[in-house]
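Hi,

Here is the structure I promised to pass on. Have a look first, and my notes follow below.

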Amino acid sequence: MKLTTIANMLIWAAVTGAAQTPAPLPSFEVASVRPVALGSGAQTAADRERGFAGVGGRVYLRGINLSYLLIRAFDLQPDQLSGSAWLNNQAFDISAVAPADTPREKILLMIQNLLADRFKLKYHRETAVAPVYALVVGSNGPKLRPGIPDDAPENLGQIGATTRGAAPGTPVTATARASFGVYKISAADGVTHYEFQNISMKDFAQFLSQTGRRALELPVIDMTEMTGRYQVALDISQSDMLGPAASRLLADLAGADQAVPSASDPSGSSMRTSIEKQGLRLIRRSAPLEKFIIDQIERTPTEN
């Protein structure tokens with residue numbers, strides 16, 4: 001065998017070996033993990049989001065279970081996570097310190113490292129074809145306004161009346177913040193109205209998968225091929241929030257047949273209507289879905 005051939009093989013082996021070695025995850029300067037009773041230490045959504053963003057270099061999460069922590073750290077949908085039932089039933093207070101200017105993406109990598117170090121997390125991913133709803137652009141194109149950055153709070157609420165339901169009554173309105181940004185919620189006459197100020201289609205599909213799951217009964221995948229950030233409105237009726245099975249049960253108990261969705265009023269109809277008004281559609285398809293399989297995770301973290 002020629003020397004050049006041997007040298008090339010050694011170089012290829014070295015490069016291949018290096019490519020298979022994952023880069024080490026960043027770590028917190030200091031981290032404390034303390035088991036607490038489930039439901040203790042209620043934390044507002046805004047405080048929780050500040051914790052995941054590491055605002056000021058501080059990560060402070062109270063009463064958080066490991067399922068939610070894994071979903072946020074690895075950017076998963078709830079359907080993707082496969083693990084023991086106790087992941088939902090054991091809560092922790094987590095306090096950690098990072099450099100003050102650490103971006104949110106790096107904070108999430110640090111949380112991944114904390115899970116591997118303190119909880120001995122080991123996992124793998126699998127992909128299988130499953131039924132989903134595809135979020136796609138309608139035949140006449142999207143009707144969405146460009147997003148309003150979160151640093152312009154004076155513009156909050158400029159969604160436009162065309163995407164809002166005409167139900168009578170004065171709505172109760174609140175402003176909230178999630179990982180994808182600021183949004184407003186109002187409720188009136190059995191309908192919850194969401195106004196997202198600066199959301200991507202990927203994040204909107206994930207929100208539909210989580211908040212609208214009972215109504216749709218399937219995960220939602222973004223297939224719009226829209227890469228920007230937009231103002232989006234969403235209506236979810238009370239019956240859709242309960243889901244088809246619960247709505248039918250309540251109707252039977254109350255003897256109110258009119259509450260049962262008919263063939264012309266499918267589950268999630270309020271959501272579909274508000275989505276279609278904005279030039280988008282939900283279409284049932286089969287698509288590959290990635291599963292996050294937990295091979296090992298300790299219930300008791302190592303000491304601080």
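**What turned up**

Arg 72 sits over the face of Phe 52, 4.3 Å from the ring centre (a charge counts as over a ring if Lys NZ or Arg CZ is within 6 Å of the ring centre and within 35 degrees of the ring normal). Bear in mind that this is a predicted model, where local features need pLDDT of at least 70, side-chain atom pairs count only at pLDDT 80 or more, and totals for chains, interfaces and linings use all residues. Residues are numbered from 1 along each chain as its sequence is written, and side-chain values use heavy atoms, with hydrogens and water left out.

The largest nonpolar core (buried Ala, Val, Leu, Ile, Met, Phe, Trp, Tyr and Cys joined through side-chain atoms within 4.5 Å) has 31 residues, and Ile 111 and Leu 115 are among those touching the most other members. Its largest share, six residues, comes from α4 (helices are DSSP runs of H or I, at least four residues, and strands runs of E, at least two, numbered from the N terminus).

On the aromatic side, the whole structure has 12 pairs (Phe, Tyr or Trp rings, six-membered for Trp, with centres within 6.5 Å; planes under 30 degrees apart are stacked, over 60 edge-to-face, the rest tilted). Phe 92 and Phe 119 have ring centres 5.1 Å apart and planes at 85°, so they pair edge-to-face. Both are buried (under 20% relative accessible area, against over 50% for exposed and partly exposed in between; 1.4 Å probe, protein chains only).

Cheers
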